[in-house]
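Biologist: Could you take one part of this model and go through it slowly with me, in connected sentences that a first-year student could follow?

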Amino acid sequence: MTSPRAFHKGGIAILDYGSQYTQLIARRLREQGIYSEIFPPEAPETQVFASAPRGVILSGSPHSVYEPNAPQLPAYLLKRDVPILGICYGMQLLAHTFGGGVSGAARREYGAAQLQIVPCPLFRDLPDQLAVWMSHADHVERLPAGWRAIGSTANAPYAAISDPEGRRYAVQFHPEVTHTIHGAAILRNFAVHICGCAPDWTPAAIIDESLAALRAQIGAEQVILGLSGGVDSAVAAALLQRAVGDQLTCIFINTGLLRKGEPESVVQTFQGQLGARLVAVDASEAFFEALAGVTDPEQKRSIIGERFIRAFESEARKLGKVKFLAQGTIYPDVIESGGGLGSAARTIKKHHNVGGLPADLAFELVEPLRYLFKDEVRRIGAALGLPDSIVWRQPFPGPGLAVRCLGEVTFERVERLRAADAIVLEELARADLLRGETSQAFAVLLPTRSVGVMGDGRTYQEVVAVRAVRTEDFMTAHWARLPYDVLARISERIVNEVQGVNRVVYDITTKPPATIEWE
């Protein structure tokens, strides 16, 4: 059972038709203090309007509106007096529903375009020409009655349209992506000036509503938290401690798959500095035994997820009756595991705390961060008074080094990876590159060997890949342009100090098409 989330009144409801950018719509709104929630288009009206949203946004989609069984506009939106903004497929869907014409474009439009606008509330206080980002093969060729064009490009005479009487607007481009220069302002104009939303989605509001939701869900019951030491589980612990106090027990499972010095650091920080009720368990031997011979990343995640839960159950039994298990699951975890609220959610990889949970879970789940992005989690952590060393700690996957140790996970290979990873972090910290220049950085041990030469002798040893990225939301990411001298020091130290490695490579792939982690 997933924990209920607090409903912040008066935001924007987003209907997800399967666009890869849907979560960015929510993020761009929340960045500006405007609450938003994502729903599948088939969600019941009572669910979509439970938080009394002041407006609705229709996302893009890989579908065409004229396809058989294409997703449709919910009938209740035709009856409600609520502003609507259609984006890409959402625009085509509005035009199609209200009697306009949509067809495949003779010339597809992908990438940058110049939009000539007509002054209107959607483009309030914006220049006459806007740089926008297009990604569509279909277009509106005939406007519905009562609608008018409010924007055009060289290839699309109806690049933005509106029905001002019905407070319905639609754009063929994607305002949610950073390539649309004034995209955030367009979304804000819709939410604030057309819908009347108040930009009151702040850390204080998130904390207040989260505390109320946690107290309502947990009541007088006991709850245990799986503490990894990362920012997500730390903020979840701080929220729970403030909400239910001594009803919370944090359980730290040392899987043997953590970074160098991390088990000691977790215990010292949470028990010593924060005074949390903490139970520390060394279960590394059991995890290595369970992972013996396993190379498939999804199987690794499932095994680790189940082992985590079994370890928690064992410790919980010692604590007496415990009803709830809390986790630091955040929104990107849910999205990448195919557990998002959109109907077309695709599984990219199972996160151990989402896709790896056993069917016979003996607890009800408490997930106070489940619908928050990483930047929101950090802001909440700072507002709760957590030290910077926790709030800005390098992100670390729940399965730990197992999903950075490609191929078989053995104690020897993990020790090799742990040493290389420590060198990466040490050198980036020494160069002051762990904040700002990089959002996440780590080493990956590859399941391949290469020929090298050391001391005039031939070597045939493993390869380490270094990964460092810059990102705002962890949904998309660019590889970090690290200085060559820093990369050189990292490489020199790894091949000289880490036994069994003779080659270091640097990963320069963006997300997408890659994910940040390799597995």
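Modeller: Let us begin where strand 11 (residues 248-254) and strand 12 pair in the parallel sense, over five bridges. Within this pairing, Cys-250 stands opposite Leu-278, a residue of strand 12. Please keep in mind throughout that the model is predicted. Helix 8 packs on the sheet here, where it touches both strand 11 and strand 12, and the direction of helix 8 makes about 170° with that of strand 12.

The two strands belong to an open sheet of five strands, which has the order 12-11-10-13-14 and parallel pairing. The edges of this sheet are strand 12 (278-282) and strand 14 (364-366), each of which pairs on one side only. If direction is ignored, neighbouring strands of the sheet are turned against each other by 30° on average.

Helix 8 also leads us to a pocket, since helix 8 (262-273) and helix 14 (411-430) each supply at least two residues of the lining of the second largest pocket. The largest share of that lining, five residues, comes from helix 14. The volume of this second largest pocket is about 370 Å³, and of the 15 residues that line it, the closest to its centre are Arg-259, Arg-393, Gln-394, Leu-425 and Leu-434. Sorted by class, the lining has eight charged, four nonpolar and three polar residues.

Turning to another pair of helices, we find that the axes of helix 6 (residues 203-218) and helix 7 (residues 231-244) come within 9 Å and cross at roughly 65°, and that this crossing is right-handed. On the side of helix 6, the contact is made by Ile-207, Ser-210, Leu-211, Leu-214, Arg-215 and Ile-218, while helix 7 contributes Leu-239, Leu-240, Arg-242, Ala-243 and Val-244. The residues of this contact divide into eight nonpolar, two charged and one polar.

A last pairing can be set beside the parallel sheet: strand 15 (residues 440-454) and strand 16 (residues 457-470) run antiparallel and are joined by 12 bridges. One of the residues to look at is Ala-443, whose bridge partner in strand 16 is Val-466. Strand 15 and strand 16 form a hairpin with two residues between them, and in the turn Gly-455 has a positive phi of about 60°.

Note on methods: Residues are numbered from 1 along each chain as its sequence is written. This is a predicted model: local features need pLDDT of at least 70, side-chain atom pairs count only at pLDDT 80 or more; totals for chains, interfaces and linings use all residues. Side-chain values use heavy atoms; hydrogens and water are left out. Axes are lines fitted to C-alpha atoms, for helices over the stretch in contact, and angles run from 0 to 180 degrees between N-to-C directions. Helices (H or I, at least four residues) and strands (E, at least two) are DSSP runs, numbered from the N terminus. A crossing is left-handed if the near helix is turned anticlockwise from the far one by less than a right angle, and right-handed if clockwise. Contact means heavy atoms within 4.5 Å. Ala, Val, Leu, Ile, Met, Phe, Trp, Tyr, Cys and Pro count as nonpolar, Asp, Glu, Lys and Arg as charged, and the others, Gly among them, as polar. On a 1 Å grid over the protein atoms alone, a cavity is a set of points where a 1.4 Å probe fits but cannot get out, and a pocket is an open set with protein on both sides within 12 Å along at least five of seven lines; lining residues have an atom within 4 Å of a point. Grid points are joined across faces, edges and corners, and a volume is the space filled by probe spheres set on the points. Two strands pair if DSSP finds at least two bridges between them.
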